[in-house]
Amino acid sequence: MKSIENSVFKRFVWAILFSSLLFYEPTANVFSKAFSQAQQPATSKVSIHPATTEAEVGQQLQLKTYATDERGRQIEVKAGYWIVLPGELATVDGNGNVSLLAAGELQVVAIVQGKKARATIRVNAARVAKLEIPRLVEPQIVGERFQLTAKALDSRGGQAKDVRLSWQSSNSAVATVDQTGQITALAVGNATITVSADGVRNSVSVEVVNSDVHRVTLEPAVATARTGEVVQFAADTKTIEGTTAKFAKVRWAVNGDGALIGQDGKFVAERPGSFEIVASAGEQRAKSIVRVSVRNVERQLETVGRIPLGAIQASELWPFGKYLYVATLNDELRVYDLSNPANPQLTETLKIDARSILDVSLTADGRIGVLTREGASNRQNGLLFLDTSDLAHPKILSAFTETVSGAVHSAFIAGHYVYLTDDATGSMRVVDFRDAKHPKQVARWELALPLPNVQTGHDAGMSLGMRHLHDIQVKDGLAYLAYWRDGLVILDVGAGIRGGSPEQPKLVSQFRFNHTDLYGKGWLAGTREVFRYQNWVFVGDEVIPAEFDPSKGPRRLGRGMLHVIDVADIANPRRVAEYVLPEGGAYNIWVENDILAMGYYGGAGRLLDVSGELTGNLALQGREIARLQTGSLTIDQEGERREPPFTFGARFFGDLILFNDMHTGIWITKLKRK
């Protein structure tokens, strides 16, 4: 299994840089500079001082690293690399300055002269400075229960976590409240609900009235659907006089396992069967029946051909015309003629001054190509522009390194602009290549850091205490950014929503995820992949073990789900569905004609039906069309062993579907007709 343990992969694991996750190279050879300090004594161990400490959210701590030689002599030395785990709790710069963002216990790891040192910080929640509680604009109805949620803010305006809230009602005969903030309306009247924490209080008034609902009718009365299809129910509430009820809050329920209905009346089933829908308002209710059949979208996936790459691993695929461009985690770009997909022909191997090529794409007319790279011999990485007028034999046209000499992981072409990720700064750059021989940067956009003075660069060492941008897609004048710990960010770059343009991107909205709650402790997690299709943005998480050495023990290739974000209201994105497989982690995706194709790491290649409205867990709804098991049986010096799937991505190519597996190369497949 030499391919998985090559130097690129080891750097990824050892450095634990989510930025490129598998194949990121820190800028400008930070390690060699940090570890080549002259006249350093032979070190038997290294340490961080203080090794343990306790502090509060919002504080900043200065950590120092020391080397101890065989005689016990100790000297302060500079670390070449710092990281905090989990990254949601703090940031750290290259000088060991830790900024505490959230409560919990965190580990700080420093690499000193090739050795690891570790410190533990217990971060206590900041004291509450303000409690926010929503106002109730409508009366509540006798017999109803509803939830109030208070937001505790600290003195910096950030949300305070692990806060113990205390709730109290001024009139428990009218309305009671439990210690979770759930209110029960008991009788007509008024009550004041008060929440308090750390001596801070806030209140909200509750008015309770009788329901005026005399009759509830439900539409549709009977419905049919397939698994995964959404049925929208509507309840009509009338008074005894036949007018629309004024005090009517509809509650929804479904009887039967394997289905759910939201409080917006949207029903979806994961399994076939008959389900009873109940709509209640006051003391009245109405019922409906939904008969659900199997979705029946499964099809056979035929392997048409394969491109074995041996020890070379492919990072990204870009098909155009009859050719396939293959970026490699090596110093070469390969081009294959797929005129006969059963027998692909290599037409060009273009050598690049790089250790890894991270991304490749072509313009809509196929005349210009863009490569992103890391590990150039002159430490000038950035972009390479290709002349692809002869698709079979691309040639290097120009380089753009002026503002992005560090590694660039992803780039997306829209017109004569390329939107790229600058791994050194965590920013998005926009480069105009109208004149491809002389490209120029026209914009830089980034999220502000949560705390000031986070340093990067050669003198500061390398750190994950910075923003990281991993992927970009631009469609219809909107840029969708996978901003790692900051989730999904949407920018106007010409859609006319916020007055943005490629030269002046403007923020439209943001949707953040709590990756610690989603995946628990012991994992490094972030938003790495975005793809806009119709009203949905598919957002993939990458989740890897916090510490992982590929040369030791069982290989845990990660976790990670695919989120479905509804962006019909672009200013207010909503998470409506997910696709979760326990055996692998979400990676590169592509969507065409209501079919989502993706590499799912240990879950191999997957094809998913994403037609219609999406809600719930898509993996349980019979939406899976096909899967490709890309693992293989190999022979080594120890005998036979099975290489597990490690599927990196997928692309459509006409009626073909291409899957890229890190162990077994590129699979050329085709869906059979039913």
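Is K130 buried, partly exposed or exposed? With a relative accessibility of 45%, K130 counts as partly exposed. Its place in the predicted model is taken up again below, with the salt bridges.

**Overall make-up**

The chain holds three helices and 60 strands. Of its 674 residues, 56% are counted as buried. Among contacts in the chain with a separation of 6 or more, 54% are between residues 24 or more positions apart.

**Aromatic pairs and charges over rings**

Searching the whole structure gives ten aromatic pairs. One of them joins Y587 and Y601: the ring centres are 4.7 Å apart and the planes stand at 25°, so this pair is stacked. The cut-off behind that label is that planes under 30 degrees apart count as stacked. Y587 belongs to the loop between β50 (574-579) and β51 (589-592), and Y601 to the loop between β52 (595-599) and β53 (605-609), so the pair ties together parts that are 14 residues apart in sequence.

Both tyrosines are shielded by the accessibility criterion: Y587 is buried at a relative accessible area of 0%, and Y601 is buried at 1% relative accessibility. The two also belong to a wider group, since ring pairs link Y587, Y601, F646 and F648 into a cluster.Y587 has a further neighbour in R528, which lies over the face of the tyrosine ring at 3.5 Å from the ring centre. A second arginine placed over a ring is R651, whose charged end sits over W318 at 4.5 Å from the ring centre.

**Salt bridges**

The count of salt bridges comes to 24. Three of these pairs, including the one formed by K130, are set out here.

| Pair | N to O distance |
|---|---|
| K130 and E132 | 3.8 Å |
| E332 and R334 | 2.6 Å |
| K670 and D655 | 3.2 Å |

The partner of K130 in its salt bridge is E132. E132 is partly exposed, at a relative accessible area of 33%, and K130 is partly exposed as well, at 45% relative accessibility.

In the pair of E332 and R334, both residues are buried. This pair is part of a network of salt bridges that links D331, E332, R334 and K351.

The bridge from K670 to D655 has its N and O atoms 3.2 Å apart. K670 is in strand β60 (residues 665-671), while D655 is in the loop between β58 (647-653) and β59 (656-661), so the pair ties together parts that are 15 residues apart in sequence. K670 is partly exposed, with 33% relative accessibility.

**A buried arginine without a salt bridge**

R373 is located in strand β35 (residues 368-374). What is the nearest side chain of opposite charge to R373, and how far away is it? The nearest is D353, at 4.6 Å, and R373 is buried yet has no salt bridge. The cut-off for a salt bridge is a side-chain nitrogen within 4 Å of a carboxyl oxygen, so a distance of 4.6 Å does not qualify.

The side chain of R373 has backbone partners instead. One of its polar atoms lies 2.8 Å from the backbone oxygen of D353. The side chain of R373 also reaches the backbone oxygen of Q380, at 3.1 Å. D353 thus appears twice around R373: its side chain is 4.6 Å away, whereas its backbone oxygen lies 2.8 Å from a polar atom of the arginine side chain.

Definitions and conventions:
Residues numbered from 1 in each chain as written. Predicted model: local features only at pLDDT ≥ 70, side-chain atom pairs only at ≥ 80, totals over all residues. Heavy atoms only, no water. Phe/Tyr/Trp six-rings, centres within 6.5 Å; stacked < 30°, edge-to-face > 60°. Helix = DSSP H or I, 4+ residues; strand = E, 2+ residues; numbered from the N terminus. Buried < 20%, exposed > 50% of the residue type's maximum accessible area, 1.4 Å probe, protein only. Lys NZ or Arg CZ within 6 Å of the ring centre and 35° of its normal. Lys, Arg positive; Asp, Glu negative; His and termini not counted. Polar contact = N/O pair within 3.5 Å; in protein donor to acceptor, adjacent residues only side chain to side chain. Contact = heavy atoms within 4.5 Å.
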